[in-house]
Amino acid sequence: MSKTVWNILGVLTILSGISLFMLFPEKFAALPPDQRPQFILGGIAILAVLVTIASTCFFPKVRPLTLRILGAIGIASCVFSIVEGFHTNNFSLFRRDFLFLFASIYLVVKGKLTY
């Protein structure tokens, strides 16, 4: 992909992060006190993923490492979704999960988007 496309993706990632975090105070105030720590940890996790994606877009030398990180996050989310599907007997998303799992494994192994 060209440098312009990477820059556009980086800017869009930053804008999506800003718009997401603008909603946080409103949602945080509506939560009961016992759920607030989980909400904060989830917000930190989302922020970490967005920073990883933005660093992939803006810094070409770290792309292999950050793409591997994103692949590892994808593997973890696929495994969680598959296990959750077995627990709830909902097998409707398995095709999508396995397809995404193979793509995530490819990212972890290769560290690049092209073949």
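Okay, one convention before we start: an angle over 145 degrees between helix axes counts as roughly antiparallel. Keep that in your heads, and keep in mind too that this is a predicted model.

Let's take α4 and α5 to begin with. Their axes come within 8 Å and cross at roughly 155°. That's over the cut-off, so α4 and α5 are roughly antiparallel to each other. The crossing of this pair is left-handed. Who makes the contact? On the α4 side you've got Leu-67, Arg-68, Gly-71, Ala-72, Gly-74, Ile-75, Ser-77, Cys-78, Ser-81, Ile-82, Gly-85 and Phe-86. Coming from α5, the partners include Phe-94, Phe-98, Phe-100, Leu-101, Ile-105 and Val-108, and also Arg-96, Asp-97 and Lys-110. Sorted by class, that contact between α4 and α5 has 14 nonpolar, 6 polar and 4 charged residues.

Staying with α4 for a moment, does its length make sense, and what should we expect? It has 26 residues, so at 1.5 Å a residue it should span 38 Å, and the end C-alpha atoms sit 37 Å apart, which agrees. Its buried residues are Arg-63, Thr-66, Leu-67, Leu-70, Gly-71, Gly-74, Cys-78, Ser-81, Ile-82 and Gly-85. Those buried positions pack against α1, α3 and α5, the last one being residues 94–110. And just past the end of α4, have a look at Asn-89, which takes a positive phi of about 55°.

Now over to α1 and α3. Helix α1 covers residues 3–22 and α3 covers 36–58; their axes come within 8 Å, and the crossing angle is roughly 165°. That makes α1 roughly antiparallel to α3. This crossing is left-handed as well. From α1 the contact draws on Trp-6, Asn-7, Leu-9, Gly-10, Val-11, Thr-13, Ile-14, Ser-16, Gly-17, Leu-20 and Phe-21. From α3 come Gly-43, Ile-46, Leu-47, Leu-50, Ile-53, Ala-54, Thr-56, Cys-57 and Phe-58. The class split for α1 with α3 is 13 nonpolar, 7 polar and no charged residues.

Same length check for α3: 23 residues at 1.5 Å each should give 33 Å, and the end C-alpha atoms are 33 Å apart, which agrees. Buried in α3 we find Gly-43, Leu-50, Thr-52, Ala-54, Ser-55, Thr-56 and Cys-57. They pack against α1, α2 (that's 24–30) and α4 (63–88).

Which brings me to α3 against α4. These two pack at an angle of about 145°, with axes 8 Å apart. Again, α3 passes α4 in a left-handed crossing. Val-49, Thr-52, Ile-53, Ser-55, Thr-56 and Cys-57 from α3 meet Arg-63, Thr-66, Leu-67, Ile-69, Leu-70 and Ile-73 from α4. The tally for α3 with α4 is 7 nonpolar, 4 polar and 1 charged.

Last thing, let's zoom in on one residue, Thr-56, which sits in helix α3. Is Thr-56 buried or exposed? Its relative accessibility is 2%, and buried means under 20%, so Thr-56 counts as buried. And what does Thr-56 touch, leaving aside residues up to four places away in sequence? That would be Trp-6, Arg-63, Thr-66, Leu-67 and Leu-70. Trp-6 is on the α1 side of the α1 and α3 contact, while Arg-63, Thr-66, Leu-67 and Leu-70 belong to α4. Okay, that's me done.

Technical notes: Residues numbered from 1 in each chain as written. Predicted model: local features only at pLDDT ≥ 70, side-chain atom pairs only at ≥ 80, totals over all residues. Heavy atoms only, no water. Axes fitted to C-alpha atoms, helices over the stretch in contact; angles between N-to-C directions. Helix = DSSP H or I, 4+ residues; strand = E, 2+ residues; numbered from the N terminus. Parallel < 35°, antiparallel > 145°, perpendicular 65-115°, else oblique. Left-handed = near helix turned anticlockwise from the far one by under 90°. Contact = heavy atoms within 4.5 Å. Nonpolar A, V, L, I, M, F, W, Y, C, P; charged D, E, K, R; others polar. Expected span 1.5 Å × (residues − 1). Buried < 20%, exposed > 50% of the residue type's maximum accessible area, 1.4 Å probe, protein only.
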